[in-house]
Each structure stands twice: as structure tokens, then as C-alpha cells.
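Trainee: Could you take me through one part of this model up close? I'd like to hear about the aromatic residues, and then whatever else you want to add.

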Amino acid sequence: MIGKKRAYRFLSRRSCWRLAMLYREGLADGRWTTQLGALSTLGVSQGDLSLALQLEKLPEPIVDLFEDRIEISSHTVRVIRHTIIHDGLSTVLSRVQRSGVPSKTLSNKGVLRVIKGQALGSKKMLRRSGQDLEKIVARPLDLPAHIAERYYLGVKQGEWDSFSACAKALHISRRNISDAVAISELPVSIRHLFGVQALTLCVGRKLLALKRELGIDELLLRALCKESMLDVVGRTADNILLELNDEDIGPLDLRRVRIKKGRGSNRLVIECKDAALLFRYRHEMEGAIHKVLRRRLRDPESFEVIRDSLGTRRSVLPR
DNA sequence: GAGACAGTGATTACGTTCGG
DNA sequence: CCGAACGTAATCACTGTCTC
């Protein structure tokens, strides 16, 4: 049974284009006058022969999408016809036009994606990224954003129509591609918390795990009240992930935070109730201290300029 | 990162129903 | 009767997830 089924896949009679051609030849030769009369000779069902002849009636812009029209199957013709009947010819033709797919580039499956409007997502994602197409191709495929954009570009240009095919073509793992696309499709309010360089596959996978665990609505809610690492110096991806995880850090007692002189001239000691919590935000605190120092300590030359302009005595200026 | 595995949708091949 | 449309079981291909 399996052998019989599999054998059909390798017979050219599955080709609608060739089937229609053979049927027309038989009609012209007088070997048959009806579809039923041709069935035994052509070795196909009446339904498939009927669909093969429908191929000739499909609009040229649709047929032109196929990389090799001899591969067009009865199923493909059937789905196209069903979509045209269901969604309307003008809708389907506008999908073909908006997809921007070059002619003679797509497999049966790829054409069906365009016809059903599923391929437009890639174009939308590329438009959102606003990147030069040549730059997308030239970039190293290390970050999820870069991998996803390269994937979308390939779909748009008919290079592939699945994660698996993309993985083979680019020689990177299928999992990396599917994860990168999933990460890039996370809401912008979540992705914006991280810089492009900080949103690595590792960080992104943690976000996807949180999305699975909490649901997208809860994750979005938590992301809303978090500060982006682009806005706060020293903030790390790890900080944000822990906060999104809503880890219970207990009640804060800020009165217990003290900074004292330590041993030696270049050491300070920070006392607090939860040193581990504070240590987690050390980069952010270092950034904040730098900011304070920059504001409080100015270089001597600027003081000279101010003193000269105001004619103020040196003794009253802050040191 | 690779492989296994289950779930899901697509495809194939064939059959049945319906309208002219 | 003929051709078109629809239904279905078996199979294939792809995906997400998990484990190592």
C-alpha cells in the first residue's frame, strides 16, 4: 500500500500542465472525445483531469509565480480555485501584486502562501525593520533580529518558504531560525526594553519561555512598567529578565542603605539589608555614581571661565 | 547544537455527489 | 452522460518542544 502510494509521487502524470497537454493531443487525434474516455489511457481520476484543465483558465499573474509549471499539482489548482471563489479574484490578484515576489520563483507551497495572503507577513516585517536589503544579506547572522530579517527577505524573494529550507540554505540550525523569528515577532514594547545587541538568542529564548509560562498579556503588562536598558546606564538584560520574572524581592527598606568610608583612601563600603539584591544592580549604581560625579566635579578650566566672566573672587567658588 | 518525537497542516490519490 | 465540486484516508513535510 505504501509502495503504491509513494510510486505515484514520481510519475509525471501528477503534472496538471502535462496532463492537460496530453488530453488536448488526444482530443485532436480523436483518441477520445470526453474526459471519461481519456481516464484509463492517462491513468488519472476524472476529478484530477478536470482540475488539470482548470489550470489553463487560471490568470497568468498567478501561473507566472510557479518556478516550474510542470510541477503544478491538481491539489494546488484546487486550492487556488477555492481561494478565488471564496475571497474573490481581485483580492487574490492584489495579494500577488503586493507580495512583490519575482516571477517563476516559487514552489507549489510558496504560491499557495501568496495566494492565501500568508506571505504578506514577511514583507510587512521587512518594511517594519526599515533596513536596506543589501545590508540584511551582508550582516552576520548572530543576532535574532538579523536572522529574522534574513529569513523574511528569503521568503519575500522566493528563496525558501519554510524554516527548514532556510536552515539548509543558510547552514544554520532550524531552531535558531524559528526562535529568531519568534523573538522578532514579540511585541515592540517587550523588545524595546533591550538594545538590539543585547537581545541575543539566549536572552530572547528566556523571553519566549516567559511568554509560554505567563502568557503574552501578563508579560506585556509586566513590561509596561519596566525601564529600558537604553534609558538607564548600567542596566543589564539580566536585570530586566529578573524583573519581568517578577521575582519576589521583598519589602524595600531604603533607610537602611548607608555608604561609609572603607579601609584605604579609594574604598567605600555600602551597607544594606539585602546585599545580594544591591549587587545585582551594581552596574546601574556605578553609572549613577559617574553621573553624580560628572555633575558635581567640573574641570578647573570651566571654573576659570566662569570666574573671569563674573569677576568673582576664587575663595567664594565651590571647590 | 543535534536529534527524537508528537502535533498539525499540506499533499496525493481516489471516490462520491450534484447540476446542466 | 459529462464535467465540476466536494469528501476522505493515507502519507508527507514542517514545526515546536524536549532531552542530551
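Mentor: Let's start with Tyr151, which is buried at a relative accessible area of 8% (buried is under 20%, exposed over 50%, partly exposed in between, with a 1.4 Å probe and protein chains only). Before going on, bear in mind that this is a predicted model, where local features need pLDDT of at least 70, side-chain atom pairs count only at pLDDT 80 or more, and totals for chains, interfaces and linings use all residues. Residues are numbered from 1 along each chain as its sequence is written, chains are lettered from A and ligands numbered from 1 in the order in which they are written, and side-chain values use heavy atoms, with hydrogens and water left out.

Now the rings. Searching the whole structure turns up three aromatic pairs (ring centres of Phe, Tyr and Trp, the last by its six-membered ring, within 6.5 Å; planes under 30 degrees apart are stacked, over 60 edge-to-face, the rest tilted). One of them joins Tyr151 and Phe163: the centres sit 4.9 Å apart and the planes meet at 55°, so this pair is tilted. Tyr151 belongs to helix 11 (residues 144–156) and Phe163 to helix 12 (residues 163–170), so the pair ties together parts 12 residues apart in sequence (helices are DSSP runs of H or I with at least four residues, strands runs of E with at least two, numbered from the N terminus). Phe163, at 27% relative accessibility, is partly exposed. Add Tyr152 and you have one aromatic cluster of Tyr151, Tyr152 and Phe163.

Elsewhere, have a look at Glu67, in the loop between helix 5 (60–63) and helix 6. Glu67 is exposed, at 57% relative accessible area. Leaving aside neighbours within four places in sequence, Glu67 is in contact with Lys104, Thr105 and Leu106 (contact means heavy atoms within 4.5 Å). Its C-alpha is 9.3 Å from that of Gly158, although the two residues are 91 apart along the chain.

For a contrast in glutamates, try Glu243 in helix 17 (residues 237–244). Glu243 counts as buried, with 18% relative accessibility. Again setting aside neighbours within four places in sequence, Glu243 touches Lys226, Arg235 and Tyr281.
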